[in-house]
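Student: I would like a close look at a single part of this structure, together with whatever surrounds that part. Please keep the answer plain and connected.

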Amino acid sequence: MPNRVLILFAHPLFEKSNLNDVLVKHIPDNPNITFHDLYQEYPEFDVDMQREQELLLLHDIIIWHHPMYWYSCPPLLKQWIDIVLEHGWAYGKDGKALEGKLLLQTITTGGRKENYSETGRDRYTIQQLLEPFNQTAKVCNLTYLPPFIVHGAHSMTTEGYEENGKLYGQILEYLVNKPINPKEISDYQYFNDWFTTKLS
């Protein structure tokens, strides 16, 4: 059976992001992939908890696709997390609704990869900055996968956009059609690096 993938896309300035435009255009037209643009659906931030919970239940792999926004996620995705991941449903003694599902973050950054290190301009690694999301996943009984990160959006060429868009499409097709072993992927800091071993 194929995996069902839900992409929760959150970009407050999507119309200005050349990189995310290309990434989204490379999402395969596949009945097992659902693309859900939160800013299009909820421009007033009035997130429909029941609808979102129903969507989560219908899918096996959840992707939070967003830009790195002040070392976190855009405000609407945070609103979504606060409202949808309800106590007694997603976490707590009786909160087992998401148990066994996988969570992957697809993140774009304006800065280059080398910026995200102890000696870089941003002082912390991507893994350190994303630890609150990792912990949120664990509390909600989700299995957190290393993130798929595309760095350097501000300096990327058109060819770079297309190369990363193609890679994203390949990853999504793989997620749908192949069994995923989280233990194998956990040895890598970036989902990108693990996936390239599958292409060789």
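Which right-handed unit do strand 3, helix 4 and strand 4 make?

Tutor: The model is a predicted one. In it, strand 3, helix 4 (residues 75–84) and strand 4 form a right-handed β-α-β unit. I will take strand 4 as the centre and work outwards from there.

Strand 4 covers residues 102–108. Of its seven residues, seven are buried, so strand 4 is largely enclosed by the rest of the structure. The cover is on both faces. Leu-102, Leu-104, Thr-106 and Thr-108 are buried on one side, and Leu-103, Gln-105 and Ile-107 are buried on the other.

The pairing partners of strand 4 come next. Strand 3 (61–67) pairs with strand 4 in the parallel sense, over seven bridges. One of the paired positions is His-66, whose bridge partner in strand 4 is Ile-107. Strand 4 also runs parallel to strand 6 (148–150), and three bridges join these two strands. Here Ile-107 is again a paired residue, with Ile-149 as its bridge partner in strand 6. Ile-107 therefore has a bridge partner in strand 3 and another in strand 6, and it belongs to a strand in which seven of the seven residues are buried. Strand 5 (residues 143–144) is parallel to strand 4 as well, joined by two bridges. In that pairing, Leu-102 of strand 4 is matched with Thr-143 of strand 5.

Now go back along the unit to strand 3 and to the loop that leads from strand 3 to helix 4. Pro-67 is part of strand 3. Its relative accessible area is 8%, so Pro-67 counts as buried, the cut-off being under 20%. Apart from neighbours within four places in sequence, Pro-67 is in contact with Ala-10, His-11, Ser-72, Cys-73, Pro-74, Ile-107 and Thr-108. Two of these contacts, Ile-107 and Thr-108, are among the buried residues of strand 4. Pro-67 also lies 9.4 Å from Ser-17, C-alpha to C-alpha, with their positions 50 residues apart in sequence.

Met-68 sits in the loop between strand 3 and helix 4. Met-68 has 13% relative accessibility and is buried. Its contacts, again leaving out neighbours within four places in sequence, are Ile-107, Thr-108, Thr-109, Tyr-116, Ile-126, Leu-129 and Leu-130. Ile-107 and Thr-108 thus appear in the contact lists of both Pro-67 and Met-68. For Met-68 and Thr-109, the C-alpha atoms are 5.4 Å apart in space, while the residues are 41 apart in sequence.

Tyr-71 is in this loop too, between strand 3 and helix 4. Tyr-71 is partly exposed, at 36% relative accessibility, whereas Met-68 is buried. The backbone at Tyr-71 has a phi near 65°, which is positive in a residue other than glycine. A positive phi is also found at Phe-45, about 65°, and Phe-45 is not a glycine either. Phe-45 belongs to the loop between helix 2 (38–41) and helix 3 (49–57), and is partly exposed at a relative accessible area of 28%.

Strands 3 and 4 are also packed against by helix 1 (residues 18–25). The buried residues of helix 1 are Leu-19, Asn-20, Val-22, Leu-23 and Val-24. Besides strands 3 and 4, these residues pack against strand 1 (5–9), strand 2 (33–37), strand 6 and helix 7 (158–177).

Helix 7 leads on to helix 9 (residues 191–199), against which helix 7 packs at an angle of about 75°, with the axes 11 Å apart. That angle makes helix 7 roughly perpendicular to helix 9. Helix 7 contributes Leu-167, Gln-170, Ile-171, Tyr-174 and Leu-175 to the contact, and helix 9 contributes Phe-191, Trp-194, Phe-195, Lys-198 and Leu-199. By class, the contact has eight nonpolar residues, one polar and one charged.

Helix 9 also holds Asn-192, which is buried at a relative accessible area of 12%. Not counting residues up to four places away in sequence, Asn-192 touches Pro-147, Phe-148 and Ile-149. Ile-149 is the residue of strand 6 that is the bridge partner of Ile-107, and that returns the account to strand 4.

Technical notes
Residues are numbered from 1 along each chain as its sequence is written. This is a predicted model: local features need pLDDT of at least 70, side-chain atom pairs count only at pLDDT 80 or more; totals for chains, interfaces and linings use all residues. Side-chain values use heavy atoms; hydrogens and water are left out. Buried means under 20% relative accessible area, exposed over 50%, partly exposed in between (1.4 Å probe, protein chains only). Helices (H or I, at least four residues) and strands (E, at least two) are DSSP runs, numbered from the N terminus. Contact means heavy atoms within 4.5 Å. Axes are lines fitted to C-alpha atoms, for helices over the stretch in contact, and angles run from 0 to 180 degrees between N-to-C directions. Angles under 35 degrees count as roughly parallel, over 145 as roughly antiparallel, 65 to 115 as roughly perpendicular and the rest as oblique. Ala, Val, Leu, Ile, Met, Phe, Trp, Tyr, Cys and Pro count as nonpolar, Asp, Glu, Lys and Arg as charged, and the others, Gly among them, as polar. Two strands pair if DSSP finds at least two bridges between them. A crossover is right-handed if, with the strands pointing away from the viewer, the path from the first strand over the helix to the second runs clockwise.
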